[in-house]
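Hi everyone, thanks for coming. I'd like to walk you through one protein today, so please have a look at the screen while I talk.

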Amino acid sequence: MAALTVGCSSPQNDGINSVRASEHAPDISWPQEEWEYSTLEAEGFDPEPVNRFIEDLVAEKYGRVDHFLLIRHGRIVAEKNIKRDYAALAATLAKDDRLTPNFSNPIYNYDNAALHPYYQGTDLHTVQSVTKSINSAALGIAIDEGLIEGIDVPILPFFDAYEVDRSDPRKGRITISDLLTMRTGIAWDDAGGFGSETDSTYLLENSETWIQFILDQPMYAEPGTVFKYNDGASVLLGKILHEATGKRVDAWAREKLFSPIGIDEFYWKITPDGEADTEGGLYLSAHDLARIGYLFLRDGLWDGKRVISKNWVRRSVASIVPPGATGDNSSPYGYGYQWWVPEDGNGSALGFGGFGLGGQRIMVFPDDDVVVVFQGWDPVGEYWKASNALQKTVLPASLAKPE
């Protein structure tokens, strides 16, 4: 992951009582059926750095970006949708065994141009691990409504229908909080990279019984003590949400999260054991992905209506796991409830984001009242280059304050 470097302050510690500059943004807009459009100049940008960046996107200077959105004060100020023939590209991608070594489950064949990156010719684009952040939001609504007691409850009572080896007592001490913050203590092998014969996520996506596969993994640490990115943790969160609400995650999200903010169309992969894939299976258009970021920018409010509690939003995007503990290529990233939270050297957050394989990004910069979306499909390339360039150079240059 590349570090966010746009200079904007944000919540200290859990951030619940802090005030964001975006709360005082003038003349904000709320998207209705469509987003409102404005101009870079009207919303306070110097257009030259942004326009030059878009030219670089088209020239593939930063890999394959499919859609780029820049939003300020609730208005789209810059957008580029780059069309590509992914059916033709799939033949090339298929030759790279880092991407698709041998998938027994066809919906996880990432060379399948009917499914990746767009779903069957629509504008619904895979968001990959941004799914985790969105699933966390849906879980937060269930907790807000009292259907789950809180995040400190143990998880195993939600899995009574499964066989669980309880010989290691640490497994019984895993809480929802541990799943949210990727401190499960469950062993998850990614040393060989995705697609290797030992990679846990690759084995999961080829399994016919996802939940049982995850529960069968051994413990390696006390829950709540060690950060280890674990796709299985997000799958278990989805199952817990299903058990608590009686609705599968896709149905719950449609009713409680998507519909209230104007998301009508989406696709969600369903696992072989009948659950919504909450580790990376969601597809959204770029405009609707931006609605998720805008909801979090506005602390869970949508045009005057409360969708998620402010408490849940603020805790979700706070560095509960501090930078340095995440092991994220030594970049200054903290981790909240399935959201990445970069910090400066003084412990202040620089923004927050949801990130996914291949270049999927929601990036939110509260003090600048900015939401950015990237969708792309460059799974074995340096797919973070575009968002990193925007963060390090484009936004600071285009939003430079006059001396």
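What is the order of the strands in the open sheet of 3 strands? The order is S4-S6-S5, and the pairing is antiparallel. Strand S4, residues 125-126, and strand S5, residues 267-268, stand at the edges with a single partner strand each, so one side of each has no neighbour in the sheet. If you look at the pairing of S5 with strand S6, residues 282-284, you'll find 2 bridges, and the two strands run antiparallel. Across that pairing, Tyr267 stands opposite Tyr283 in S6.

Before I go on, please keep in mind that this is a predicted model.

Let me step back for the overall picture. The protein has 11 helices and 13 strands. Of its 403 residues, 61% count as buried. Now take the contacts between residues at least 6 apart in sequence: 68% of them join residues at least 24 apart.

Next, the strands towards the start of my tour. Strand S3, residues 75-81, has two pairings to show you. With strand S1, residues 36-37, S3 runs parallel, and 2 bridges join them. In that pairing, Tyr37 has Ile76 of S3 as its bridge partner. With strand S2, residues 65-72, S3 runs antiparallel, and here there are 6 bridges. S2 and S3 make a hairpin with 2 residues between them, and His73 in the turn has a positive phi of about 55°.

Which residue of S3 stands opposite Phe68? That one is Lys80. Please hold on to Phe68, as this residue also belongs to the largest nonpolar core. That core has 117 residues, and Phe68 is among the members that touch the most others, along with Phe53, Leu70, Ile176, Leu257, Phe258 and Ile308. Leaving out residues up to four places away in sequence, the contacts of Phe68 include Phe53, Ile54 and Leu57, then Ala78, Glu79 and Lys80, and further along the chain Val372, Val373, Phe374 and Leu390.

Now to another hairpin. Is strand S11, residues 352-356, enclosed or open? 5 of its 5 residues are buried, so S11 is largely enclosed by the rest of the structure. You can see this on both faces: Phe352, Gly354 and Gly356 are buried on one side, and Gly353 and Phe355 on the other. S11 is joined to strand S12, residues 360-365, by 5 bridges, and the two run antiparallel. Gly353 faces Met363 of S12 across that pairing. The hairpin has 3 residues between the strands, and Gly358 takes a positive phi near 90° there.

That glycine brings me to the empty space. Rolling a probe the size of a water molecule over the atoms shows where empty space is left. How many cavities of 30 Å³ or more does a search of the whole structure find? It finds 4. The second largest holds about 40 Å³ of space. Gly358 is one of the residues that line this cavity, and Phe374, one of the contacts of Phe68, is another. The lining also includes Tyr62, Gly63, Arg64 and Val65, as well as Gly359, Gly376, Asp378, Tyr383 and Ala386. By type, the lining residues divide into 5 nonpolar, 4 polar and 2 charged.

Arg64 from that lining has another link worth pointing at. Its C-alpha atom and that of Gly381 are 8.9 Å apart, although the two residues are 317 residues apart along the chain. Gly381 is in the loop between strand S13, 370-376, and helix H11, 385-398. With a relative accessibility of 23%, Gly381 counts as partly exposed.

For contrast, here is a buried residue. Val341 is in strand S10, residues 340-342, and counts as buried at 1% relative accessibility. Val341 and Ser319 are 22 residues apart in sequence, and their C-alpha atoms are 5.9 Å apart.

Last stop, a pocket. The second largest pocket has a volume of about 300 Å³. Its lining has 17 residues, and the closest to the centre are Asn81, Lys83, Tyr118, Thr122 and Asp123. Which types of residue make up this lining? There are 6 nonpolar, 8 polar and 3 charged. One of the residues closest to the centre, Asn81, takes us back to S3, which spans residues 75-81.

That's my tour, and I'm happy to go back to any part of it.

Conventions. Residues numbered from 1 in each chain as written. Predicted model: local features only at pLDDT ≥ 70, side-chain atom pairs only at ≥ 80, totals over all residues. Heavy atoms only, no water. 1 Å grid on protein atoms, 1.4 Å probe; cavity = no way out; pocket = protein on both sides within 12 Å on 5 of 7 lines; lining within 4 Å. Points joined across faces, edges and corners; volume = space filled by probe spheres on them. Nonpolar A, V, L, I, M, F, W, Y, C, P; charged D, E, K, R; others polar. Buried < 20%, exposed > 50% of the residue type's maximum accessible area, 1.4 Å probe, protein only. Helix = DSSP H or I, 4+ residues; strand = E, 2+ residues; numbered from the N terminus. Pairing = 2+ DSSP bridges. Core = buried A, V, L, I, M, F, W, Y, C linked by side-chain atoms within 4.5 Å. Contact = heavy atoms within 4.5 Å.
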